[in-house]
Amino acid sequence: MSMKKWVYGLLPLACIIIIYLFSATPYQEQDIKPMLSSHIDLSPLVPYLSPIQFTYHGNEVSVEAVGIYSFVEFFIRKGAHFTVYFFLAILACTALYKGFGFKYRLSLQLALIISVLYACFDEFHQSLTPGRTPYVGDVVIDTIGACAGLIAVIIGRNLYHLFWKQS
């Protein structure tokens, strides 16, 4: 196997390992509320965020129900789901296309499949971790992140061909 394949192949693998390690960590060890509350005063946000209220995984998510720090932490955690799968999809697509020579469209499709399947595995893995629970809603967020990453690839590639490749 060429060095190019190794380098491109290791990048999505590194992302997968990072996701795996975070999923293997009990929630209590990942709780960022104590750090937030000791370093940042979020009370000025309460009037702006109080009107937001919804149910996620059978629980009400609102400032009134969970407090400002849990509310903000919820969005940080879900944003992390979105972001790591955004990058996983980009890295998987790049590895398949540039590293292994797959056709562009096939690389996009396979990168999405890899991301969604790993999101499903990740939720299963969380079911084995103390203090963690699997939830299909997280797979949805992960999938949206992966789709956004692949849309960024498509836009970036089209812009490249539009502005730089023709020169």
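**Two helices and a loop**

Hi everyone, let's start with α6 and α8, which are oblique to each other, a word used for angles outside under 35 degrees (roughly parallel), over 145 (roughly antiparallel) and 65 to 115 (roughly perpendicular). Their contact, meaning heavy atoms within 4.5 Å, includes Phe82, Tyr85, Phe86 and Ile90 of α6 and Ile141, Ala148, Leu150 and Val153 of α8. By class, this contact of α6 with α8 has 14 nonpolar, three polar and four charged residues.

A word on the model: it is predicted, local features need pLDDT of at least 70, side-chain atom pairs count only at pLDDT 80 or more, and totals for chains, interfaces and linings use all residues. Residues are numbered from 1 along each chain as its sequence is written, and side-chain values use heavy atoms, with hydrogens and water left out.

Back to the pair. Helix α6 covers residues 68–99 and helix α8 residues 136–164; helices here are DSSP runs of H or I with at least four residues, and strands are runs of E with at least two. The two axes come within 7 Å and cross at roughly 45°, and the crossing is right-handed.

How far does α6 reach from its first C-alpha to its last? It reaches 45 Å with 32 residues, close to the 46 Å expected at 1.5 Å a residue. Just after α6, Gly101 takes a positive phi of about 75°.

Finally, His57 sits in the loop between β1 (53–56) and β2 (59–62). Phi of His57 is near 55°, positive although the residue is not glycine. Most residues other than glycine have a negative phi. Is His57 buried or exposed? His57 is partly exposed, at 33% relative accessible area, between buried (under 20%) and exposed (over 50%).

How values were computed:
Axes are lines fitted to C-alpha atoms, for helices over the stretch in contact, and angles run from 0 to 180 degrees between N-to-C directions. A crossing is left-handed if the near helix is turned anticlockwise from the far one by less than a right angle, and right-handed if clockwise. Ala, Val, Leu, Ile, Met, Phe, Trp, Tyr, Cys and Pro count as nonpolar, Asp, Glu, Lys and Arg as charged, and the others, Gly among them, as polar. The expected span of a helix is 1.5 Å times one less than its number of residues. Buried means under 20% relative accessible area, exposed over 50%, partly exposed in between (1.4 Å probe, protein chains only).
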